[in-house]
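Colleague: I should like to learn how disulfides and pockets are read from a model. May we begin with the cysteines?

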Amino acid sequence: MEALALHIPTDVIDGPTSLVFALIAVLAVGWCTVAARRGLDDRLVPLAGLATAFVFAAQMLNFPVAAGVSGHLLGGALAAALLGPWLGVLCVTVVIAIQALLFADGAVTALGLNVVNMAVIATFTAYGVLALALKVLPRTRVGVGAAVFAAAIVSVVAASAGFVLQFWLGGEEVGQSLGAMTAAILGTHVLIGIGEGVITAGAVTAVAVARPDLVHALRGTALARPAAAR
Amino acid sequence: MKKFLITGTVVTLVLAGFVSLFASASPDGLESVLLTGCETTDGEITGGSCVLQAAGEHEIGGAFADYGMSFLDNEILGASLAGILGALFTLAASTGLFWLLARGRKAPETADDGTA
């Protein structure tokens, strides 16, 4: 049976590098836990749980991006848009931990590497792009969708750049140069980011239309009607 | 809120238990780049040299490894159930964790009423 392996497996990045990133992950997630607490009220808890389960499910849905290559949602952009950066990081971290501990997806020793890339880098990058984009784009369905789409693409490429950094520090070149590998990783993840952008924009605009109060990025404001005066 | 949460949960379970069966089986972006230089047949490395050859077995493995159920003969049923149970477990675990986090936040605000 074909193995469905999605994240960094065992022994691809050396021990010292994995340990350093494990420490970075612990510090970052700890900081997010403290910060998330401030904005977390009971009303948000079920939404955060549902978003986490949705990210888990969506990560299983590999879509083709090129011949023989697939991609899947990372979820950082979705979590950032719905829950904000702090809770968003925790949401993706829970998914990655469950995948590594129960589903043998992503090495336990690589947990720090995977959490830094997909939870910390992707979520914070997505949130930054989203905040900037929403300053210039109108808060309409199209405007929010476009902002989320852009945030998702940048977040996925940034997460893949995180892996390139980790591989440069603690990986061993085999069969291809680091330069060729970097180009391949970043290029493939632009395509995956487009897929992530479409899915995330669809999901976030669906929530924004039904319950704009549940979209953190909108900060409690309803979507403006495209034709209506502000 | 209830309607929204129920709809979201149903969508999530359908994605995890049914739509996931139609997901692409090709290696993902990371894996395909780590496989560059190797020849593969049905997902197994058969020749050449690439980064992924260095990868060892997963430290834990377990009955649900690779989103299946090793104790079920039916692979499709196993994959579907693993997806559904995984999503439900994720929902329960994260809701529990976030609930504890929200509850912890309130502790200093609520005056000690002696009931501990």
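Modeller: A disulfide is a pair of cysteine sulfur atoms within 2.5 Å. The model shown here is predicted. In it, B:Cys38 is joined to B:Cys50, with an S to S distance of 2.1 Å.

Colleague: How many disulfides does a search of the whole structure find?

Modeller: The search over all chains finds one disulfide. The link of B:Cys38 and B:Cys50 is left-handed, with -90° about the S-S bond. B:Cys38 belongs to strand 1 of chain B and B:Cys50 to the loop between strand 2 and helix 3 of that chain, so the bond ties together parts twelve residues apart in sequence. Both B:Cys38 and B:Cys50 are buried.

Colleague: Why is A:Cys32 without a bond to A:Cys91?

Modeller: The closest cysteine sulfur to that of A:Cys32 is in A:Cys91, and the 12 Å between them is too far for a bond. A:Cys32 is buried, at a relative accessible area of 0%, and A:Cys91 is likewise buried, at 0%.

Colleague: How is empty space located, and what is the volume of the second largest pocket?

Modeller: A probe the size of a water molecule, rolled over the atoms, shows where empty space is left. The second largest pocket holds about 330 Å³. It is lined by 15 residues, and those closest to its centre include A:Phe54, A:Val207 and B:Phe4.

Colleague: Which element gives the largest share of that lining, and of what classes are the residues?

Modeller: Helix 1 of chain B gives the largest share, five residues. By class, the lining has twelve nonpolar and three polar residues, with no charged ones.

Key. Residues are numbered from 1 along each chain as its sequence is written. Chains are lettered from A and ligands numbered from 1 in the order in which they are written. This is a predicted model: local features need pLDDT of at least 70, side-chain atom pairs count only at pLDDT 80 or more; totals for chains, interfaces and linings use all residues. Side-chain values use heavy atoms; hydrogens and water are left out. On a 1 Å grid over the protein atoms alone, a cavity is a set of points where a 1.4 Å probe fits but cannot get out, and a pocket is an open set with protein on both sides within 12 Å along at least five of seven lines; lining residues have an atom within 4 Å of a point. Grid points are joined across faces, edges and corners, and a volume is the space filled by probe spheres set on the points. Helices (H or I, at least four residues) and strands (E, at least two) are DSSP runs, numbered from the N terminus. Ala, Val, Leu, Ile, Met, Phe, Trp, Tyr, Cys and Pro count as nonpolar, Asp, Glu, Lys and Arg as charged, and the others, Gly among them, as polar. Buried means under 20% relative accessible area, exposed over 50%, partly exposed in between (1.4 Å probe, protein chains only).
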